[in-house]
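Student: Please take one strand of this chain and go through it closely. I would like to know how it sits among the elements around it.

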Amino acid sequence: MRAALLTLLLALCVPLPAGQAAAAPPRRVVSLNLLLDQWVMLLADEGQVAALTELSRSPNYSPLFEKARRLPAIRGTAEEVLRRKPDLVLAGRWGASETVALLEKCGVPVRVFDYPE
């Protein structure tokens, strides 16, 4: 159920080119953004979460810190992400830009989100 919700969220936020069918739900998701960490924890099954940011484990920054502490965490380097073998990486527009660029060069699917308005 949660995999379907994550797929729906991504479909609403990332329009597909004309004629392209929706892909299967991601199996290994890495988040490089604290806000996206929260969405991943709410919408993905725990088995789909390859890694979240370390900030997601802090009670000062994350309302879901207890759940985050049960999941893998990374600082956000490209090397850490690649070790997790993700089939989807979620990032914010104004953060981790060097990591995103390296991941894209390596062929890792990355979806970059603007801040909500």
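Tutor: What follows is a look at strand 4 and its surroundings, with some attention to a serine in a neighbouring strand.

The model is a predicted one. Its chain has 117 residues, of which 38% count as buried. Five helices and five strands make up the secondary structure, and from the N terminus the order is α-β-α-β-α-β-α-β-α-β. Among contacts with a separation of 6 or more, 41% are between residues 24 or more positions apart. The exposed area of the chain is about 7,100 Å², with 57% of it supplied by carbon and sulfur atoms.

Strand 4 covers residues 88-92, and because five of its five residues are buried, the strand is largely enclosed by the rest of the structure. In a regular strand, side chains alternate between the two faces of the sheet. In strand 4, Leu88, Leu90 and Gly92 point one way, while Val89 and Ala91 point the other way. The residues pointing either way are all buried.

Strand 4 has parallel pairings with two strands, strand 1 and strand 5. With strand 1 (residues 29-31) the pairing runs over three bridges, and Val89 is the bridge partner of Val30. With strand 5 (residues 110-113) there are four bridges, and here Leu90 is partnered by Arg111. The route from strand 4 to strand 5 includes helix 5 (residues 97-105), and these three elements form a right-handed β-α-β unit.

On the strand 1 side, Ser31 is a residue to follow further. Ser31 belongs to strand 1 and counts as buried because its relative accessibility is 0%, against a cut-off of under 20%. Beyond its neighbours within four places in sequence, Ser31 contacts Leu90 of strand 4, as well as Leu36, Asp37, Val40, Ala51, Leu52 and Thr53. The Ser31 side chain makes a polar contact of 2.6 Å with the side chain of Asp37 and also reaches the backbone oxygen of Asn33 at 3.0 Å.

Asp37 leads on to helix 2 (residues 34-43), where the buried residues are Leu36, Asp37, Gln38, Val40, Met41 and Leu43. Three of these, Leu36, Asp37 and Val40, are among the contacts of Ser31. Asn33 is involved at the start of helix 2, where one of its side-chain oxygens comes to within 2.9 Å of the backbone nitrogen of Leu35.

Technical notes
Residues numbered from 1 in each chain as written. Predicted model: local features only at pLDDT ≥ 70, side-chain atom pairs only at ≥ 80, totals over all residues. Heavy atoms only, no water. Buried < 20%, exposed > 50% of the residue type's maximum accessible area, 1.4 Å probe, protein only. Pairing = 2+ DSSP bridges. Right-handed = clockwise from strand over helix to strand, strands pointing away. Contact = heavy atoms within 4.5 Å. Areas by Shrake-Rupley, 256 points an atom, 1.4 Å probe, with all protein chains shown as cover. Polar contact = N/O pair within 3.5 Å; in protein donor to acceptor, adjacent residues only side chain to side chain.
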